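Work through the following exercises with the sequence and the structure at hand, and try each task before reading its solution.

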Number of protein chains: 2
Amino acid sequence: MKISHPANLLRQRGMRPTRQRVAIARLLFDGVDRHVTAESLAEQIKDLGIKLSLATVYNTLHQFTDVGLLKKVRGLSDATWFDTNVNSHHHFFDTESGALTDIPAEAITISTLPKTPPGKVVEGVDVIVRVSGR
Amino acid sequence: MKISHPANLLRQRGMRPTRQRVAIARLLFDGVDRHVTAESLAEQIKDLGIKLSLATVYNTLHQFTDVGLLKKVRGLSDATWFDTNVNSHHHFFDTESGALTDIPAEAITISTLPKTPPGKVVEGVDVIVRVSGR
DNA sequence: ATAGCTGCAAATGCTTTGCAAGGCC
DNA sequence: GGCCTTGCAAAGCATTTGCAGCTAT
């Protein structure tokens, strides 16, 4: 998602365009798909000379997720990743570095799916391809 | 995996059959596939009137995983699940209850896989079908 | 005997929360 | 001004670790 005016984007989604949220939005939504953790994002922000607390980073990431600007992804490590690619797609998970990489939805075809438990509805399918090695 | 003599199983895998490990092995490997968290397992053990510390439960689960008796699985919740089905298979993840259910490997067919990043080897593919609803 | 375990409690890492002070409309 | 936000620090979880005491071999 590439946006020209973060403040408007935020207003459209019903959030006040505060200094902190605009800074984060500007950093995340520049047209390139990004994976960030709260920690990594906080660091990038700090490097830009912007000050904001880690708690605010967490809050903001969750709010962005709630309004559909981000997608939450968990690898197998402890940290939660937030992905700016909110479309359906999958991931490589490097078991050595903990790094996540996108796999476009088209690159994986699932030809058979099991029947869903009674009364349940499928919300989505996540495929994680674990890789390792140099 | 169904075992008759936990102590021998443990010895085969190079662990001392201590009271705690035997108790856990007996509970887990009764032939039924189980998903447990450290917490849930500790509780079951306590209900049996056996006393052991949570730290030991964690240690034991990891040791069992290291020797191939268990498989580590992460849903999207915080907790780590340990699965007694160590064969390749997938999972339903109930986003409301956090419950995990096995999907036999044959029930899902992936017909296309993306090319692996250079120098990387695929260790495995995990499919998580997110479900919700009553 | 001795190397390997266990238990406890303290430490850790990630994340959330409470609440006073501050900022947007 | 009023209500939403932020910042900090403290609290919360799940998990790990340090170390003295115990135990299987």
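Contact means that heavy atoms lie within 4.5 Å. The model examined here is a predicted one.

**Exercise 1. Describe chain A as a whole: which elements does it have, and what share of its contacts with a separation of 6 or more comes from residues 24 or more positions apart?**

Solution. Begin with the elements: chain A has four helices and seven strands, and when they are read along the sequence they follow the pattern α-α-β-α-α-β-β-β-β-β-β. Next, consider the extent of the chain, whose C-alpha atoms fill a box of roughly 45 × 40 × 25 Å along the principal axes. Then turn to the contacts: among those in chain A with a separation of 6 or more, 44% are made by residues 24 or more positions apart. Finally, look at the surface and the interior: 45% of the 134 residues of chain A count as buried, while the chain exposes about 7,100 Å², of which carbon and sulfur atoms supply 51%.

**Exercise 2. Find how many aromatic pairs there are over all chains, and state for the rings of F29(A) and F64(A) how they are placed.**

Solution. The rule for a pair asks that the ring centres lie within 6.5 Å, and by this rule the count over all chains is two. In chain A, the centres of the rings of F29(A) and F64(A) are 5.9 Å apart and their planes stand at 40°, so this pair is tilted. The step from angle to name needs the cut-offs, because planes under 30 degrees apart count as stacked and those over 60 as edge-to-face, with the rest called tilted. Now place the two residues: F29(A) lies in the loop between α2 (19-28) and β1 (35-36) of chain A, whereas F64(A) belongs to helix α4 (residues 54-66), so the pair ties together parts that are 35 residues apart in sequence. F29(A) and F64(A) are both buried.

In chain B, F29(B) and F64(B) also form a tilted aromatic pair, with 5.9 Å from centre to centre and 35° between the planes. This pair links distant parts of chain B, since F29(B) is in the loop between α2 (19-28) and β1 (35-36) and F64(B) is in helix α4 (residues 54-66), 35 residues apart. F29(B) and F64(B) are both buried as well.

**Exercise 3. Decide whether α2(A) is largely enclosed or left open by the rest of the structure, and name what covers its buried residues.**

Solution. Count first: seven of the ten residues of α2(A) are buried, so this helix is largely enclosed by the rest of the structure. The buried residues are R21(A), V22(A), A23(A), I24(A), A25(A), L27(A) and L28(A). Their cover includes α1 (6-12), β1, α3 (38-47) and α4 of chain A.

**Exercise 4. Trace the order of the strands in the open sheet of six, and say which strands stand at its edges.**

Solution. The order is β5(A)-β4(A)-β7(A)-β7(B)-β4(B)-β5(B), and the pairing is mixed. At the edges stand β5 (100-104) of chain A and β5 (100-104) of chain B, each with a single partner strand, so one side of each has no neighbour in the sheet. From one strand to the next, the twist averages 30°. Where the chains meet in this order, strand β7 (residues 121-132) of chain A pairs with strand β7 (residues 121-132) of chain B in the antiparallel sense, over eleven bridges. Within this pairing, V122(A) stands opposite V131(B).

Now examine one residue of the sheet, F92(B), which lies in strand β4 (residues 89-94) of chain B. F92(B) is buried, with a relative accessible area of 6%. Apart from its neighbours within four places in sequence, F92(B) has contacts in both chains, including P114(A) and P117(A) as well as L100(B) and V129(B).

**Exercise 5. Work out how chain A and chain B are related.**

Solution. A turn of 180° and a shift of 0.0 Å along the axis lay chain A on chain B with an RMSD of 0.1 Å. The two copies are therefore related as by a two-fold rotation axis. The same surface serves both copies, for 100% of the contact residues of chain A recur in chain B.

Key: Residues numbered from 1 in each chain as written. Chains lettered and ligands numbered in written order. Predicted model: local features only at pLDDT ≥ 70, side-chain atom pairs only at ≥ 80, totals over all residues. Heavy atoms only, no water. Phe/Tyr/Trp six-rings, centres within 6.5 Å; stacked < 30°, edge-to-face > 60°. Buried < 20%, exposed > 50% of the residue type's maximum accessible area, 1.4 Å probe, protein only. Pairing = 2+ DSSP bridges. Axes fitted to C-alpha atoms, helices over the stretch in contact; angles between N-to-C directions. Least-squares fit on C-alpha atoms with pLDDT ≥ 70 in both. Areas by Shrake-Rupley, 256 points an atom, 1.4 Å probe, with all protein chains shown as cover.
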